[in-house]
Each structure stands twice: as C-alpha cells, then as structure tokens.
Amino acid sequence: MSIWFRTPNLADLNRKTQDNMCGHLAMEFTEIGDAHLSARMPVDTRTIQPAGLLHGGASVALAETLGSFAAYLCVDSHKKACVGQEINANHLRAVRGGWVTGTARPLHLGKRSQVWDIRIHDEGGALICVSRLTVAVVERRPRA
C-alpha cells in the first residue's frame, strides 16, 4: 500500500529541482516506491569541500531535499504545507567522486508532524551518511 497522497511522477519532481539549490547541486530523483523516494547527486566541484571530499553540507542538502519532497507527497498540498523543523546527520565515510544516492523512508507520518529516515550510499553501496528529518505539517494560509 502506498503512503503517497497523490501518485508521484519522477519527471514532475525533477522539474521542481530547476532554478534552485537542488538544480545547482545537480540532484536528480531516480526512484519512487510505495514507501520510499530516492535521488542522486554527483560528487564533483559543486559538492566537494576544499580537501576534495563530499561536503557534509551537500549530503545534508540531499537528505533534506528527499525528506521534504517525500513529506510534501504525503499531504494534500492545497490544504497542508510541510516545513522542516530539525535535521541531523552522521557522516560515516568519505567520498571523493562519482555519485551518491539517498533514499528517504518514513519513521512517522502524523497529522501534525512527520519524521523521515534518509540513508545515503556511494556507488559501491557503502553507507556514507545517515540522516533524520522532522517536518511540521501545518495548515496552508490563504494568499492575500
């Protein structure tokens, strides 16, 4: 059984990554399952730190992007909005090149909050980062 409020579409999600940080870091959604969302990001000049390793902030940006998009897909976006409250990350292994892929899975899908587990792996399948994102689910305010 799917957790999504509406049927997600990879092409639509990838269009939403243009003209913002997701596009600048070349994030690309790659897979949607019944209860997970995956995306990848290159390890290149856009995402490394001065020592040539994947920047921890880039990993966190990928994790928050995955969790935020997943949260958004779980609510009626005409009535609700999902806003980040807290994110943490444990960086477990260095990456010097290639691609990293993150997958977000829900730990809690409540009426007022959601908690997402995001795991990021390198191309060889090694776990490089574990992150947890908490989002608040709030009523959407009418525009003036």
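Strands here are DSSP runs of E at least two residues long, numbered from the N terminus. By that reckoning, Lys-80 sits in strand β3, which covers residues 80–91. Keep in mind that this is a predicted model. Below is a quick look at the sheet that β3 belongs to, and then at Lys-80 itself.

**The sheet**

- Six strands make up an open sheet, and going across it you meet them in the order β1-β2-β4-β5-β6-β3.
- The pairing is antiparallel.
- The edges are taken by β1 (28–32) and β3; each has a single partner strand, so one side of each has no neighbour in the sheet.
- From one strand to the next, the twist averages 25°.

**Where β2 meets β4**

- Strand β2 (residues 37–43) and strand β4 (residues 98–109) run antiparallel and are joined by seven bridges.
- Across from Leu-37 you'll find Ala-104 in β4.

**Lys-80 up close**

- Is Lys-80 buried, partly exposed or exposed? Its relative accessibility is 24%, and since partly exposed covers the range between under 20% (buried) and over 50% (exposed), Lys-80 counts as partly exposed.
- Setting aside neighbours within four places in sequence, Lys-80 touches Val-75, Val-137, Val-138, Glu-139 and Arg-140.
- With Glu-139 there's also a polar contact, side chain to side chain, at 2.5 Å.
- Arg-112 lies 32 residues from Lys-80 in sequence, while their C-alpha atoms are 9.7 Å apart in space.

Conventions
Residues numbered from 1 in each chain as written. Predicted model: local features only at pLDDT ≥ 70, side-chain atom pairs only at ≥ 80, totals over all residues. Heavy atoms only, no water. Helix = DSSP H or I, 4+ residues; strand = E, 2+ residues; numbered from the N terminus. Buried < 20%, exposed > 50% of the residue type's maximum accessible area, 1.4 Å probe, protein only. Contact = heavy atoms within 4.5 Å. Polar contact = N/O pair within 3.5 Å; in protein donor to acceptor, adjacent residues only side chain to side chain. Pairing = 2+ DSSP bridges. Axes fitted to C-alpha atoms, helices over the stretch in contact; angles between N-to-C directions.
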